[in-house]
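User: I am new to this structure and would like to go through it by question and answer. Please show it before we begin.

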Amino acid sequence: MEAKHLDANVQSPDSIAFAPDDTLYVADTGNHVIRAVDLATGRIRHVAGDGREGNAQSLAKPESLLRTPDGALWFIAGLHRSSKVYRLELGTGQLDVAYDPKEASPQWGGNEGGGYMADLAADEQGRIYVADNANMRLLRLDAWNGPPA
């Protein structure tokens, strides 16, 4: 099998996910952004993140992309011990923090120290599962109803 090189200026890509329209989404971890690749044209576009690692709007080191049946793209981003789970509505570009362990109530596994979340998965009911590596636990986020109040 021959591998074809996609000319994407990515740095340390962590994970990829497909959308139904054959767009390939890339967690460009080293550049601190999410990118989309149109496989038919080869066009690459910026989707989320400002390319910086340490400010409030940054998506530092995005990883663990997950596309859910509702069309959203979920991922983890943040510096060590301060990662959060994000939800990106692909149709509108709306980006929300879906889970922040520093702000979560105890029933959601809140942890004042933050944590390192390693991976995401979804079930058929739309619940998101989070592998919280630093705190040695699994979390379940029930169906998305908007960002936390």
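User: As a start, how does Asp-70 count at its relative accessibility?

Analyst: The model is predicted, so local features need pLDDT of at least 70 and side-chain atom pairs count only at pLDDT 80 or more, while totals for chains, interfaces and linings use all residues. Residues are numbered from 1 along each chain as its sequence is written, and side-chain values use heavy atoms, with hydrogens and water left out. Buried means under 20% relative accessible area, exposed over 50%, and partly exposed in between, with a 1.4 Å probe and protein chains only. With a value of 45%, Asp-70 counts as partly exposed.

User: With which residue does the side chain of Asp-70 meet in a salt bridge?

Analyst: A salt bridge is a side-chain nitrogen of Lys or Arg within 4 Å of a carboxyl oxygen of Asp or Glu. For Asp-70 the N to O distance is 3.0 Å, and the partner is Arg-87.

User: How many residues apart in sequence are the parts that this pair ties together?

Analyst: Helices (H or I, at least four residues) and strands (E, at least two) are DSSP runs, numbered from the N terminus. Arg-87 lies in strand β7 and Asp-70 in the loop between β5 and β6, so the parts tied together are separated in sequence by 17 residues.

User: Which residues are linked with Arg-87 in a network of salt bridges?

Analyst: Arg-87 is buried, at 6% relative accessibility. It also forms a salt bridge with Glu-89, with the closest N and O atoms 3.0 Å apart, and Glu-89 is partly exposed at 23%. The network therefore links Arg-87 with Asp-70 and Glu-89.

User: In what order do the strands of the open sheet stand?

Analyst: Two strands pair if DSSP finds at least two bridges between them. The open sheet has four strands with antiparallel pairing, and its edge strands, β5 (63-67) and β8 (95-99), each pair on one side only. The order is β5-β6-β7-β8.

User: Which residue of β8 is the bridge partner of Leu-88?

Analyst: Strand β7 covers residues 84-89 and is joined to β8 by four bridges, the two running antiparallel. Within β8, the partner of Leu-88 is Leu-95.

User: Which residues form the aromatic pair, and what is the angle between their planes?

Analyst: Rings of Phe, Tyr and Trp (its six-membered ring) pair if their centres lie within 6.5 Å; planes under 30 degrees apart count as stacked, over 60 as edge-to-face and the rest as tilted. The count comes to one aromatic pair. Its members are Phe-75 and Tyr-86, stacked with centres 5.5 Å apart and planes at 15°.

User: Where do these two rings lie, and are they buried or exposed?

Analyst: Phe-75 lies in strand β6 (residues 72-77) and Tyr-86 in strand β7, so the pair ties together parts 11 residues apart in sequence. Phe-75 and Tyr-86 are both buried.

User: Which residue in the hairpin of β9 and β10 takes a positive phi?

Analyst: Strand β9 (residues 117-122) pairs with strand β10 (residues 128-132) in the antiparallel sense over five bridges, and Leu-120 stands opposite Val-130 in β10. The hairpin has five residues between the strands, and the residue with a positive phi near 90° is Gly-126.
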